[in-house]
Amino acid sequence: MAVIRDVMPAFDLLQPESAGDAQKLLQQHGSDAWVMAGGMDSLDWLKDRIKKPGVLVDLSGVEELKGVRATGDGVEIGAMTTLTEIANHPGIRKNYGLLAQAVELVASPQIRNQATLGGNVSQDVRCWYYRGGWPCYRAGGNICFADTPVGRNREHAIFGANRCVAVHPSDSVPALIALDAKFVVQTSGGERVVDAEDYFVGPEDDITRINMLRPGDLLTAIRIPAAWAGARFYFEKVRDRNVWDFPLMNVASAARLNGGTIAEIRIAVNAVSPRPMRLQAVEAAVRGRAADADTGEMAGKLAVEGAVPLQYNAYKIPLMRNLVKRAVAGAGQPQGSSTLASNALAQEATCRS
Amino acid sequence: MPETDNLRTEEGPSTEITRRRFILGVIAGGAVVGAASYRILAPGGRGRSFGGERLITLNVNGKPRRVEVMKQETLAWTLRYKLGLTGTKLGCDRAECGACTVLVDDVPHYSCSLLTNTVRGRKVTTIEGLAADDGTLHPVQQAVVEAQGFQCAFCMSGFVMATVGYLKAHPSPTRTELAHGISGNLCRCQDYMKILDAMMLGAEKMRRA
Ligand SMILES: Cc1cc2nc3c(=O)[nH]c(=O)nc-3n(C[C@@H](O)[C@@H](O)[C@H](O)COP(=O)(O)OP(=O)(O)OC[C@H]3O[C@@H](n4cnc5c(N)ncnc54)[C@H](O)[C@@H]3O)c2cc1C
Ligand code: FES
Ligand code: FES
């Protein structure tokens, strides 16, 4: 449990009113500056005195970064749009319900009222050793405390571990990957627009960064193309408690069906690896097949090939097999949020059958 | 939680003061406050002024309040320790319990996880701002009294604020909808059914009011 401490150590608080000013301030202060959106991830770091920026650049007054706009091709969501606004937005609910469903399952109502989409995709990992200030690889040290014989790693990675075994914790990201979203980033070299999955950085590339942002960079918007509007969507999040908890795992898929056949599909899973995972091999394998339990079964098996469990997280393998199976088979499957206990029952049933 | 007894002086019980009187006393004197369950001191010393405080005006419970605020100060801290509005509780200081819930522009937020400087120009409502000027309780407060919704009631103001905020946007929820709407609040005495009874009664009273 978190410890209540004294007020946070002092920092300078800068409150720009335009994205341009925000970027200028960020570039001026470089690695001494910290971007604060809703603060739901940021403030924990500061309260725990693990990160000590000299300058906080608060984006809450930057109106141009807020809101959902229709574009010629889909929608653009400002980085500072709250999760509640996205979950309630009629256009998003109608056409991109996958995202509405995902953000509606984040944390708690008050957190969703404050947390932004930009912050949700840019948040750091939740490994408690790292968050507790332990000098692990991700913190610039040379050990992973979670991957030792006594390490607590029930929530950690079964894929893509490279020294660091923490997982990416976001609920919105798999939905955005499945929707083929593009992230708009302002860098010192100008604007860059990247595919959702390319925003994230794995430990093999840079162990101390979770995404492409460098000091001075600003994520301004996320664009969702019309290509997947109104597709068949599937989202499921599994966690210990139905409120507050981060995903033990989540899955998102967007599919176009032709009769009962899968014409096109995108599938992403999070909380299984340090980088959010898009399952391209599974997508290719199920294309052209019937959207039914058999195809789902095959997809689930393929999805977990190569998984490497740690001491306490082997349960994630059958869990992932099950979630991917449902995300492919689609219709008639339970959606939304479930707890591990209810999923364990479902797994037992599938294992026996 | 650390430092449980920091208000108790070395000499023993004869010099003990109640937590509430102590808090009201220091607030009146303008100094910083430590509460019995956790220890909070001014950064870098005991004096009454902190480095980097700035006078700002907040809109709290419909009134403009002039208050000196540090840049790193949370709204919960300002409300409790600068403005004396101790109805807002701090349970975790980490967005994990809901005890600190207040309304900002009528929407429930965790005041422990908001910097005070980010709510300038916005409307803050705390539990102290719900009753009418003549003392008539807000319908949700009245329902809590009638249905005896709470046990120790540490979580109560947070639950009431979350409920009032939810009902402003959803005046006629089902019990399940309301439970979902106020699921960002924990009660450690764990009588959620009674709390929901009270809040559903509050919803009914609000519709009638
Ligand atoms: C108790 C609790 C439970 C939670 N449960 C969940 C959960 O179930 N699922 C989940 O997905 N998340 C969960 N979270 C994480 C929560 O912090 C995020 O969901 C939230 O969306 C972060 O958004 P924010 O606006 O508050 O970001 P902030 O905390 O302000 O920012 C997060 C990070 O992103 C960076 N950043 C933010 N915006 C930008 C930008 N525009 N440009 C560049 N960098 C930026 C910040 O510098 C910071 O490093 C939980 C958090 C808490 C405290
Ligand atoms: S004190 Fe703010 S949520 Fe617990
Ligand atoms: S009544 Fe005691 S914490 Fe809720």
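This briefing walks through a predicted model, starting with its ligand and ending with single residues. Ligand 1 sits between chains A and B. Two domains of chain A also share in holding its surroundings, so ligand 1 lies between those domains too. Chain B mixes six helices with five strands.

**Where ligand 1 sits**

- The shell around ligand 1 counts 34 residues.
- The nearest of them are A:V35, A:A37, A:G38, A:T116 and A:N120.
- By residue type, the shell splits into 19 nonpolar, 10 polar and five charged residues.

**Polar contacts of ligand 1**

- A polar backbone atom of A:V35 lies 2.6 Å from an oxygen atom of ligand 1.
- A:G38 also uses a polar backbone atom, at 2.7 Å from an oxygen atom of the ligand.
- A:K237 uses its side chain instead: a polar atom there is 2.9 Å from an oxygen atom of ligand 1.
- On its own, ligand 1 has 970 Å² of accessible area, and the protein covers 96% of that.
- Three elements of chain A each give two or more residues to the shell: β2 (33-36), α7 (117-122) and β8 (218-224).
- Helix α7(A) gives the largest share, with four residues.

**The domains of chain A**

- The domain assignment splits chain A into domain 1 (12-61) and domain 2 (63-122 + 167-352).
- Domain 2 is therefore written as two stretches of sequence, 63-122 and 167-352.
- The two domains touch through 16 residues from domain 1 and 16 residues from domain 2.
- Their C-alpha centres are 27 Å apart.
- Why does ligand 1 lie between these domains? Both domain 1 and domain 2 give residues to the shell around the ligand, so its place is between them.

**A covered helix in chain A**

- Helix α5 of chain A runs over residues 97-104 and is mostly covered.
- Six of its eight residues are buried.
- The buried ones are A:G97, A:L98, A:L99, A:A100, A:A102 and A:V103.
- In general, an α-helix has 3.6 residues a turn, so residues three or four places apart point the same way.

**A residue in a loop of chain A**

- A:R163 lies in the loop between α8 (128-131) and α9 (172-178) of chain A.
- Its phi is near 65°, a positive value in a residue that is not glycine.
- Is A:R163 buried or partly exposed? At 41% relative accessibility, A:R163 counts as partly exposed.

**Chain B as a whole**

- Along the sequence, the helices and strands of chain B follow the pattern α-β-β-α-β-β-β-α-α-α-α.
- Chain B has 209 residues, and 49% of them are buried.
- The chain exposes about 9900 Å², with 51% of this supplied by carbon and sulfur atoms.
- Take the contacts in chain B between residues at least 6 apart in sequence: 57% of these join residues at least 24 apart.

**Two residues in chain B**

- B:N61 lies in the loop between β1 (54-60) and β2 (63-69) of chain B.
- B:N61 has a positive phi of about 50°, although it is not a glycine.
- Why does B:N61 count as buried? Its relative accessible area is 19%, and buried means under 20%.
- Leaving out residues up to four places away in sequence, B:N61 touches B:L85, B:V124, B:T125, B:T126, B:E128 and B:G129.
- B:M156 lies in helix α4 (residues 156-169) of chain B.
- B:M156 counts as partly exposed because its relative accessibility is 27%.
- Which residues does B:M156 touch, not counting residues up to four places away in sequence? They are B:V144 and B:F150.
- B:M156 and B:R80 are 76 residues apart in sequence, and their C-alpha atoms are 16 Å apart in space.

How values were computed
Residues numbered from 1 in each chain as written. Chains lettered and ligands numbered in written order. Predicted model: local features only at pLDDT ≥ 70, side-chain atom pairs only at ≥ 80, totals over all residues. Heavy atoms only, no water. Buried < 20%, exposed > 50% of the residue type's maximum accessible area, 1.4 Å probe, protein only. Contact = heavy atoms within 4.5 Å. Areas by Shrake-Rupley, 256 points an atom, 1.4 Å probe, with all protein chains shown as cover. Near = heavy atom within 4 Å. Polar contact = N/O pair within 3.5 Å; in protein donor to acceptor, adjacent residues only side chain to side chain. Nonpolar A, V, L, I, M, F, W, Y, C, P; charged D, E, K, R; others polar. Domains from an automatic or database assignment.
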